[in-house]
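Student: Hey, can you walk me through this one? I'd like to know about empty space inside it, and then how some helices pack.
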Amino acid sequence: QETLTLFWSFIVSIYCIGGMIGSLCSGYLTAKYGKKKCLLINDVVLIIATLNTGFSRRARSFEMILIGRFLEGICSGVYMNAHIQYAGEISPKKLRGFVNVTSSVFLALGKAVARVLGLRDLLGTEDMWNVLLSFSGFVALIQLLFLPFFPESPPYLFLQKGDKDGCLKAMKQLWGEENYHTEFDDIMKEKAITKGTKIMNVIEVLKEPSVHPQLCTMLLLLLSLQLCGLSAITFYTSEIFQTANLHESIIPYVALGVAVCELISIIFCSSIIDRFGRRILLWGGYLLMALVLVLLETSLLLSVTVFLIAFYVVVFFSPAGAVSSVMNEIFTLSARSSAFVISGIIIWLGLTFTGMIFPFAVMVLGPFCFLIFIAVLVVSSVLIYLFVPETKGKSTFEITEEFKTRRYKKKRHQTVENNVTEEKIHCTKL
């Protein structure tokens with residue numbers, strides 16, 4: 001029994017290990033081969049991975065499950081970075097927020113589909129579990145067939161490869177003969193501010209002072225998202241509902257409701273993000289989540305019905321889509337790939353940390369474990385309101401200039417304070 005438990009935990013965790021490796025590789029791969037080609041290569045690897053998991057039952061080989069899960073994790077790490085960058089770079093500025101959120105939409109859709117297919121009435125059986133594990137290969141096959149008809153990212157072609165004709169051709173294919181001029185002007189501005197700047201690796205991005213405000217913003221958004229309780233809810237939905245004394249037979253269906261609620265939330269976010277902006281969705285969403293978690297804590301002590309309503313509502317107010325949109329907009333092309341590598345490492349480490357710590361928090365605090373998340377949400381909401389700029393309708397050039405302006409104002413304020421202090425010291429001496 002101990003050996004089986006060890007194998008099971010290793011099969012579960014090796015996916016996160018693969019995801020971290022995929023995130024580390026994604027910066028180099030997207031910079032060298034481009035986002036489109038990187039995604040196509042990834043499709044092939046994912047199909048190979050799902051063939052391993054699909055045939056593992058017939059081969060009676062748990063090693064094939066390990067290999068498949070590890071490769072699937074690597075593909076997920078690459079997909080999470082490459083897809084967001086590619087989608088953001090091929091979208092016009094007025095639709096960029098909506099398109100950037102598509103990664104979160106399909107992530108939530110994947111969770112919902114997995115919950116449905118994993119029901120005992122469908123593929124969650126002793127005879128069909130290997131088919132369930134192989135389902136993602138079908139999606140990779142669809143992308144492998146249709147993605148070649150899409151152009152490569154215009155900013156990548158022009159800024160990194162210097163292929164102006166290829167860039168213009170791609171922009172005309174994406175946005176039409178008459179609608180690409182504004183987008184091309186924005187790329188020209190970005191080229192002007194990054195002239196002579198090569199694609200930076202992770203170490204260079206961490207050492208570059210001009211990128212530090214963007215990195216701090218990204219760190220704030222990612223830590224807020226990882227520590228706000230959503231990851232714990234995703235990992236331990238069944239355990240949380242058991243704590244609320246739900247009958248075990250209905251827990252899979254209630255968990256499906258959580259996944260569907262998350263999907264509806266992300267779709268709703270994508271439909272309003274370009275109208276209301278990213279910043280208000282972030283701090284407002286976190287604040288509403290904190291308020292509903294207070295209700296959730298209360299409901300744990302009251303009734304199951306109130307608990308379920310509160311649980312669904314807290315998932316609904318998730319601003320995860322706005323986080324992915326802001327991250328894709330605040331970095332120039334020279335730093336974007338490496339910034340997403342850093343974000344991928346933070347995400348996978350955060351998932352691992354949350355997955356390990358939350359059960360112990362439940363053991364120690366019981367129903368009051370959500371108090372930690374309430375504190376994180378309130379602090380995050382205040383910090384985002386004070387320090388994160390609005391990126392709605394702005395080009396990368398304009399956003400970069402706003403970060404520079406903020407740094408300049410801060411430095412100038414510090415200089416004035418230092419001068420005033422020196423004058424006071426001088427007056428005191430006189």
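Tutor: Sure, we'll talk about a cavity and then a pair of helices, keeping in mind that this is a predicted model.

Student: Okay, how many cavities of 30 Å³ or more turn up in the whole structure?
Tutor: A search of the whole structure finds 1. Its volume comes to about 260 Å³.

Student: How many residues line that cavity, and which lie nearest its centre?
Tutor: The lining has 19 residues, and nearest the centre are Gly-88, Arg-96, Pro-155, Glu-190 and Thr-396.

Student: And which helices supply at least two residues of the lining each?
Tutor: Those are H3 (62-89), H9 (164-175), H10 (181-193), H18 (320-329) and H21 (396-429). H10 gives the most, with 4 residues.

Student: How do the lining residues divide into nonpolar, polar and charged?
Tutor: You get 6 nonpolar, 5 polar and 8 charged ones.

Student: Where does the cavity lie relative to domain 1 and domain 2?
Tutor: Between them, because domain 1 (1-150) and domain 2 (200-393) both give residues to the lining.

Student: Cool. Switching to packing: at what angle do H1 and H3 pack?
Tutor: H1, which covers residues 2-33, packs with H3 at about 35°, and their axes are 6 Å apart.

Student: Is that crossing left-handed or right-handed?
Tutor: The H1 and H3 crossing is right-handed.

Student: What's in the contact of H1 with H3, by class?
Tutor: That contact has 16 nonpolar, 11 polar and 2 charged residues.

Conventions: Residues are numbered from 1 along each chain as its sequence is written. This is a predicted model: local features need pLDDT of at least 70, side-chain atom pairs count only at pLDDT 80 or more; totals for chains, interfaces and linings use all residues. Side-chain values use heavy atoms; hydrogens and water are left out. On a 1 Å grid over the protein atoms alone, a cavity is a set of points where a 1.4 Å probe fits but cannot get out, and a pocket is an open set with protein on both sides within 12 Å along at least five of seven lines; lining residues have an atom within 4 Å of a point. Grid points are joined across faces, edges and corners, and a volume is the space filled by probe spheres set on the points. Ala, Val, Leu, Ile, Met, Phe, Trp, Tyr, Cys and Pro count as nonpolar, Asp, Glu, Lys and Arg as charged, and the others, Gly among them, as polar. Domain bounds come from an automatic or database domain assignment. Axes are lines fitted to C-alpha atoms, for helices over the stretch in contact, and angles run from 0 to 180 degrees between N-to-C directions. A crossing is left-handed if the near helix is turned anticlockwise from the far one by less than a right angle, and right-handed if clockwise.
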